[in-house]
Amino acid sequence: MADADDDLLLDIKGLVIEATSYPPGEPPKEVTLVHGVDLSLKRGRVLGLIGESGAGKSTIGLSAMAYGRGGVRLTGGTIRLNGRDIRTAPPRELRKLRGREVTYVSQSAAASFNPARRLMEQVIETTVARDLMTRAEAEAWAVELFRKLGLPDPEHIGERYPHQVSGGQLQRAMTAMALCPKPDLVIFDEPTTALDVTTQIDVLAAIKEAIRDTQVAALYITHDLAVVAQVSDEIMVLRDGRMVEHGTTEQIISAPREDYTRALVSVRGELRPEAAEAAPILRVEGVTARYAGTRFDVLKNISVDLAPGQTLAVVGESGSGKSTLARAITGLLPPTQGKVVFDGRDLSRSLAGRTRDDRREIQMIYQMADTAMNPRQTVGTMIGRPLEFYFGLKGRERDLRVQELLDQIEMGRGFIDRYPAELSGGQKQRVCIARALAAKPRLIICDEVTSALDPLVTDGILKLLLRLQAEENVAYLFITHDLATVRAIADSIAVMLRGEVVRYGRKSAVLTPPYDDYTDLLLSSVPEMEPGWLESVLAHRKMESAGN
């Protein structure tokens, strides 16, 4: 009888990972990222690694190929892959196992493909270069993988360039690239985080089926517990580079033992009741728009309204026109037809034609706080600029108001002189919220402001926004593809598809059946924290997503 350890593929004991930190204005210092973590993985099994940003998920996942990025050093413990310790293996041996015994699927497929080469060349490159198969064998296997992963026209899609396929298709092509060498282990690093909810479910299903058919083992890294519940046999919860809890998927979901795990399981479970209907402060009437130099409309006869102190959620896939609607409302994309009415007055179609008060009363918070902040300016300077521009506040008067705003977003006095590099993702987004509030707006457009954040951080940001709304009576136009967020904050909902509003009304009405096919697709694609949910939903879907 074979020993039980014969199936043990990866065995990590006492893993310690360190790096050098370079704080602005301070001397370099050594930091420990991972503190003595143990994990093991058997052949054909999937282990989910979950936790917030900075928990060490990707750092631990990459250690399975004895790799540390960005100056990260694997300084302690053992990493046994196929029975041998690879942590101290020489570079030549590591080059042999990477791309052969263990492969990697990154979060951003678009950034991982060479735009100048066809998909097939890139999918089979490592397999052929390592002499694992002939070119003809590798291409035949790649076509079979394309078929397993549900890619359209599997015999010919490899002839396309990366820009000629959708985001969901490119992510599956990257999965095919990782599976092509027939590795023992694949590391999936947030492979669906950047995708719309409808595309995500297609990619999840494809990944799960490919893992089952190829019997490869996998580490699945994510911060979304509902996602990892669909693909993993076991889940390890991480926080601050330490293991919080480890168990079967069913146990972690249904009977978590630790407070932190229970918080992850329960986050955003509330359904906020909608406010009573009221006269609108914003009316969008028959707006049609197109980008300069194009011949097709990206917005088609859009009409929605929004009352003071309430939230309109605009939902739909990438490319549906959500952010374009925001650009039309703010005057960044002048409509070709229709009008935007704010507080009873018609706004100029273009931003240049609007008054200072028009601009002040409609503010915007962007998806990526990193790119919305000047890295060379302090928090105080960024929040202070609209105070100077709109109200002429200077010196001590301005600084006192900046401090009031920092207190309002639950950040203390110590943050006023910090730079963006010294802030966490959630803190950066709070600063962007404070900057918008500094103008004393009556409407804030929130463009996917929580999509790049962890669930617990997202929960904190949403609670902050709701509190500020109650205090300031500010209206929110909230652009998102996250239906859990919609349930948590919206009073009314507009569902967009290909530049049109396909369903619109109060939240209770939009979320009550019967649904049109696209709204049904959206609502059914929100992952639930229960094993087997994915298979159940796929069996009852009426419509494929655009990302399929």
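## Meet V502

V502 sits in strand 20, which covers residues 500-506. Strands (E, at least two residues) and helices (H or I, at least four) are DSSP runs, numbered from the N terminus. This is a predicted model, where local features need pLDDT of at least 70, side-chain atom pairs count only at pLDDT 80 or more, and totals for chains, interfaces and linings use all residues. Residues are numbered from 1 along each chain as its sequence is written, and side-chain values use heavy atoms, leaving out hydrogens and water.

## Around V502

V502 counts as partly exposed because its relative accessibility is 36%; buried means under 20% and exposed over 50%, with partly exposed in between (1.4 Å probe, protein chains only). Leaving aside residues up to four places away in sequence, V502 touches V495, L497, D516 and Y518, where contact means heavy atoms within 4.5 Å. G316 is 186 residues apart from V502 along the chain, and their C-alpha atoms are separated by 9.9 Å.

## A six-stranded sheet

Elsewhere, there is an open sheet of six strands in the order 6-7-8-3-9-10, with mixed pairing. Its edge strands, strand 6 (102-105) and strand 10 (242-248), each pair on one side only. Two strands pair if DSSP finds at least two bridges between them.

Strand 3 (residues 46-50) pairs with strand 9 (residues 234-239) in the parallel sense over four bridges. Here I50 stands opposite V237 in strand 9.

## A helix across the sheet

Helix 6 (residues 167-179) lies across strand 6 and strand 7 (185-189), and runs at about 175° to strand 6. Axes are lines fitted to C-alpha atoms, for helices over the stretch in contact, and angles run from 0 to 180 degrees between N-to-C directions.
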